[in-house]
Amino acid sequence: MADTFTLKTEGFKELEEVLVQMGEDMYYDKAVKKTLVPAVKAALQPVARTMWQMSPYDNQNFSTPHMRDSVRIYARIPNNKDKRSEHFDKDTVVTGTVSVKTDARRLAMEFGTAEVSAKPFIRASLESQANNVINILGTYLAYKLKQYKSRKV
């Protein structure tokens, strides 16, 4: 018997109305940069922290940078390169990424090789923190929108 998962969402109509109003009051890009970009960065913090904790670390190695030292969070308005990607959705307003430096070591750890089994830490970090990401994003946006609406009164 398969497990079922139900997700209830509410308030998106109201959220859209406030965001549209913000976009009209300020310039669209400014509204996005002041609300959605920082919200996405804040929401991705638990993923970055978990990725840093799960990434391989060799305490005998002092000559080369450790993979966890390259964990970074990026959030931005999609650029032209993003828009040309086959994975881009035309309704995307902000794109957020947590990444580590791409090299052979990272690929070998995440996906494995013929000699080494995979020990995924990127995908596992996102999966383990998905609920936290959603909760932080919602809380952050609620706070920012409340701030915005209180200034309008």
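Trainee: Which helix holds threonine 50?

Mentor: This is a predicted model. Six helices and two strands make up its chain. Threonine 50 lies in helix α3.

Trainee: Is threonine 50 buried or exposed?

Mentor: Its relative accessibility is 11%. Buried means under 20%. Therefore threonine 50 counts as buried.

Trainee: Which residues does threonine 50 touch, not counting residues up to four places away in sequence?

Mentor: Start from helix α3, where threonine 50 lies. Set aside the residues up to four places away in sequence. The contacts of threonine 50 are then Ser125, Ser128 and Gln129.

Trainee: What pattern does the chain follow along the sequence?

Mentor: The chain has six helices and two strands. Read them in sequence order. The pattern is α-α-α-β-α-β-α-α.

Trainee: How much of the chain is made up of buried residues?

Mentor: The chain has 153 residues. Threonine 50 is one of the buried ones. The buried share of the chain is 29%.

Trainee: Which residues touch the most other members of the largest nonpolar core?

Mentor: In soluble globular proteins, nonpolar side chains tend to be buried together. Here the largest nonpolar core has 22 residues. Those touching the most other members are Met51, Val98, Val100 and Phe121.

Trainee: Which element gives the largest share of this core?

Mentor: Two or more residues come from each of α2 (28–43), α3 (45–54), β1 (72–76) and α6 (122–152). The largest share is six residues. That share comes from α2.

Trainee: Which residues is phenylalanine 121 in contact with, leaving aside its neighbours within four places in sequence?

Mentor: Phe121 is among the core residues that touch the most other members. Two others in that group, Met51 and Val100, are in contact with phenylalanine 121. Its full list is Met51, Met54, Ser55, Pro56, Met67, Val100, Arg106, Met109 and Glu110.

Trainee: Which element gives the largest share of the lining of the second largest pocket?

Mentor: The second largest pocket has a volume of about 150 Å³. Val40, Ala43, Leu44, Val94, Gly96, Leu126, Val133 and Leu137 line it. Two or more of the lining residues come from each of α2 and α6. The largest share, three residues, comes from α6.

Trainee: How do the residues of that lining divide into nonpolar, polar and charged?

Mentor: Leu126 and Gly96 are among the lining residues. Leu counts as nonpolar, and Gly as polar. The lining divides into seven nonpolar, one polar and no charged.

Technical notes. Residues are numbered from 1 along each chain as its sequence is written. This is a predicted model: local features need pLDDT of at least 70, side-chain atom pairs count only at pLDDT 80 or more; totals for chains, interfaces and linings use all residues. Side-chain values use heavy atoms; hydrogens and water are left out. Helices (H or I, at least four residues) and strands (E, at least two) are DSSP runs, numbered from the N terminus. Buried means under 20% relative accessible area, exposed over 50%, partly exposed in between (1.4 Å probe, protein chains only). A nonpolar core is a set of buried Ala, Val, Leu, Ile, Met, Phe, Trp, Tyr and Cys residues joined through side-chain atoms within 4.5 Å. Contact means heavy atoms within 4.5 Å. On a 1 Å grid over the protein atoms alone, a cavity is a set of points where a 1.4 Å probe fits but cannot get out, and a pocket is an open set with protein on both sides within 12 Å along at least five of seven lines; lining residues have an atom within 4 Å of a point. Grid points are joined across faces, edges and corners, and a volume is the space filled by probe spheres set on the points.
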